[in-house]
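Me: I have some short questions about this model. Please look at it with me.

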Amino acid sequence: MRKSEKIFNGARIYERESQLLERIKTFRTSPSISQETLLKEYLELENEYAKLLKQAIKITLVGDSNQRKLLLANEKIEKQKEELSAAYKKMDILARTDPLTQLPNRRDFLEKFQYEIHRFKRSRRPFCVVMGDIDDFKRINDRYGHECGDFILVAIADLMKSMV
C-alpha cells in the first residue's frame with residue numbers, strides 16, 4: 001500500500017466514524033424505536049467501530065514506524081555531514097600547509113596576500129609580509145643529505161613560528 005493510499009484510508013476511517021456518530025444521534029432522538037432494534041443497532045455500531053479502531057491503530061503503528069525510520073535516517077545524515085565537514089577542513093589544511101614544516105604554502109600565502117591587499121584598500125591600515133629564503137640550500141642537501149636538510153628546514157620553521 002502506497003503512502004497516499006494510507007492517508008486516504010485514514011481519511012476514510014474518520015469519515016466513516018462521523019457517519020456512525022450521525023447514525024447514533026438518529027437512534028437517540030427517534031421516539032418510536034424498540035429496545036430490540038436499538039440493541040441490534042448498538043451491536044452493529046459496536047462491531048463497525050471496533051473495525052475502524054483496528055484500522056486506525058494499524059495506520060498509527062505504520063506511521064510511528066516510518067517516523068522512527070526517518071529519525072534514524074536524519075541522524076545518519078547529520079553524522080555523515082559532520083564527518084564530511086571534518087574531512088573537508090582536514091583537506092583544506094593539507095592543501096594550504098607544507099607537510100614538513102607546517103608553514104603555510106604558496107597557495108595559502110597568495111590567498112592571504114590578496115585578502116590583505118583588499119583589506120588595505122578598504123581600511124588603509126598597513127600590513128607586513130615576511131618571506132624567507134635560505135641561500136644555496138641545495139648545497140646543504142647535496143653535502144649532508146635530505147634528512148639533514150629536512151631537519152634544518154623544520155628547525156628554521158619552528159624558529160620563525162616562535163618569533164611571530
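Me: Is Asp158 buried, partly exposed or exposed, and what is its relative accessible area?
Reply: This is a predicted model, so the value is computed from predicted coordinates. Buried means under 20% and exposed means over 50%. Asp158 falls in between, as partly exposed, with a relative accessible area of 41%.

Me: Which side chain meets Asp158 in a salt bridge?
Reply: Asp158 sits in helix H5, 3 residues apart from its partner, so about one helical turn separates them. The N to O distance is 3.8 Å. A salt bridge needs that distance to be within 4 Å. The partner is partly exposed, at 36% relative accessibility. It is Lys161.

Me: How are H4 and H5 placed, oblique or roughly parallel?
Reply: Helix H4 covers residues 137-144 and helix H5 covers residues 146-163. Their axes are 6 Å apart, at an angle of about 135°. Roughly antiparallel needs over 145 degrees, and roughly perpendicular runs from 65 to 115. The helices are therefore oblique.

Me: Which residues in H5 meet H4?
Reply: H4 brings Phe137, Ile140, Asn141 and Tyr144 to the contact. Facing them in H5 are His146, Cys148, Gly149, Ile152 and Leu153.

Me: Asp108 and Arg96 meet in a salt bridge; which helices does the pair tie together?
Reply: The N to O distance in this pair is 3.5 Å. Asp108 counts as buried, at 7% relative accessibility. The two residues are 12 residues apart in sequence. Asp108 lies in H3 (residues 106-123) and Arg96 in H2, so the pair ties together H3 and H2.

Me: What is the N to O distance between Arg96 and Glu111?
Reply: Arg96 in helix H2 and Glu111 in helix H3 are 15 residues apart, and their pair links distant parts of the chain. Glu111 is partly exposed, with a relative accessible area of 41%. The side chains meet in a salt bridge, with an N to O distance of 2.5 Å.

Me: Which residues are linked with Arg96 in a network of salt bridges?
Reply: The structure holds 8 salt bridges. Arg96 meets Asp108 in one of them, and Glu111 in another. The network links Arg96 with Asp92, Asp108, Glu111 and Lys112.

Me: Which residues make the nonpolar surface patch of about 390 Å²?
Reply: Leu61 is one of them. Its place is in helix H2, residues 35-96. Leu61 is exposed, because its relative accessible area is 53% and the cut-off is over 50%. The patch is made by Tyr49, Leu53, Ile57 and Leu61.

Note on methods:
Residues numbered from 1 in each chain as written. Predicted model: local features only at pLDDT ≥ 70, side-chain atom pairs only at ≥ 80, totals over all residues. Heavy atoms only, no water. Patch = residues over 30% accessible without salt bridge, like charges linked within 9 Å, V, L, I, M, F, W, Y side chains within 5 Å. Areas by Shrake-Rupley, 256 points an atom, 1.4 Å probe, with all protein chains shown as cover. Helix = DSSP H or I, 4+ residues; strand = E, 2+ residues; numbered from the N terminus. Buried < 20%, exposed > 50% of the residue type's maximum accessible area, 1.4 Å probe, protein only. Axes fitted to C-alpha atoms, helices over the stretch in contact; angles between N-to-C directions. Parallel < 35°, antiparallel > 145°, perpendicular 65-115°, else oblique. Contact = heavy atoms within 4.5 Å.
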